[in-house]
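Q: Please take a close look at one part of this protein with me, and then link that part to its surroundings. I am new to this structure, and plain words would help.

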Amino acid sequence: LCLDRETHPGLSKAATIRIGHAISDSEAAFQATRAEAIRSDFAEFIGVSAASIDPRDIPIIGVAGSGGGFRAMVATLGSYRTMREAGLAQCVMYDAAVSGSSWAVAALHTYGRGSPYVVLDSVRLALTTSMFSAAGLAEFVNQRDAMAKRVFSEIA
């Protein structure tokens, strides 16, 4: 299955390695485009006019999120919320995450449309209405078979 070229069409392509001492041309173009897009946000963050900012002078800001499941997701969302309130999140060029933080970053850049508030609201809703809420877990245990009752009875 791992070597199935229909499932993994990339196996049919030759791998290449770019050797260099600088970023690629396409990455430089991305950075230039992103810097122009965040120019006014960065100017506002440092308290100057956008006209006084040369996009080449905007620092490359990256955010890294750690692993740790649900706790890491909540911590990453909290960090992004605080950065957004300060005006810094709008100036981020890159973010990277593993495990729970990747859940936060993925949600932030998809249905959250960059808003940690949207994602935090959905987490709050899930915690109060899903099977992962105390009421949802109790309902699950009470309505499921004997195995579920054995597994979850102590937790519930």
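A: Here is a walk that starts with the overall layout, settles on the inside, and then moves outwards.

A word on the basis of what follows: this is a predicted model, in which local features need pLDDT of at least 70 and side-chain atom pairs count only at pLDDT 80 or more, while totals for chains, interfaces and linings use all residues. Residues are numbered from 1 along each chain as its sequence is written, and side-chain values use heavy atoms, with hydrogens and water left out.

The protein has six helices and two strands, where helices (H or I, at least four residues) and strands (E, at least two) are DSSP runs numbered from the N terminus. Along the sequence they come in the order α-β-α-β-α-α-α-α. Of its 156 residues, 26% count as buried; that word means under 20% relative accessible area, with exposed being over 50% and partly exposed in between (1.4 Å probe, protein chains only). Contacts here are heavy atoms within 4.5 Å. Among the contacts with a separation of 6 or more, 54% join residues 24 or more positions apart.

Now for the part to look at closely, the largest nonpolar core. By definition, such a core is a set of buried Ala, Val, Leu, Ile, Met, Phe, Trp, Tyr and Cys residues joined through side-chain atoms within 4.5 Å. This one has 15 residues, and the members that touch the most others are Phe42, Ile53, Ile58, Val63, Tyr80, Met83 and Val92. Two or more residues come from helix H1 (25-46) and likewise from helix H2 (69-86). H1 gives the most, with four residues. In soluble globular proteins, nonpolar side chains tend to be buried together.

Try finding Ile58 in the picture. Leaving out residues up to four places away in sequence, Ile58 touches Ala35, Ile38, Arg39, Phe42 and Ile53. Apart from this core lies another one, of seven residues, including Leu77, Ala104, Val119 and Leu120.

Let us follow helix H1 a little further. Gln31 is found in this helix, and Gln31 counts as buried because its relative accessibility is 15%. With residues up to four places away in sequence set aside, Gln31 touches Ile23, Ile60, Met93 and Tyr94. Next along the chain is Ala32, also in H1, but Ala32 is partly exposed, at 46% relative accessibility. Its C-alpha atom is 7.2 Å from that of Pro55, although 23 residues separate Ala32 and Pro55 along the chain.

Helix H1 also holds a charged pair. Glu36 forms a salt bridge with Arg39, with the closest N and O atoms 3.1 Å apart; the term stands for a side-chain nitrogen of Lys or Arg within 4 Å of a carboxyl oxygen of Asp or Glu. The two are separated by about one helical turn, because they are three residues apart in H1. Both count as partly exposed: Glu36 has a relative accessible area of 42%, and Arg39 has 22%. Arg39 is also one of the residues that Ile58 touches.

By this rule there are three salt bridges. In another, Asp54 pairs with Arg56, the closest N and O atoms being 2.6 Å apart. Here Asp54 is partly exposed at 26%, whereas Arg56 is exposed at 72%. Asp121 and Arg124 form a further bridge, at 2.8 Å between the closest N and O atoms, and both sit in helix H4 (residues 116-129), three residues or about one turn apart.

Helix H2 is the other stop on this walk. Thr76 lies there and is buried, with 9% relative accessibility. Its side chain makes a polar contact of 2.6 Å with the side chain of Ser101. A polar contact is a pair of N or O atoms within 3.5 Å; within protein, one must be able to donate a hydrogen and the other to accept it, and residues adjacent in sequence count only if both atoms are side-chain atoms. Beyond residues up to four places away, Thr76 touches Gly65, Ser101, Ala104 and Val105. Ala104 belongs to the seven-residue core mentioned above.

Phe70 is in H2 as well, yet Phe70 is partly exposed, with a relative accessible area of 42%.
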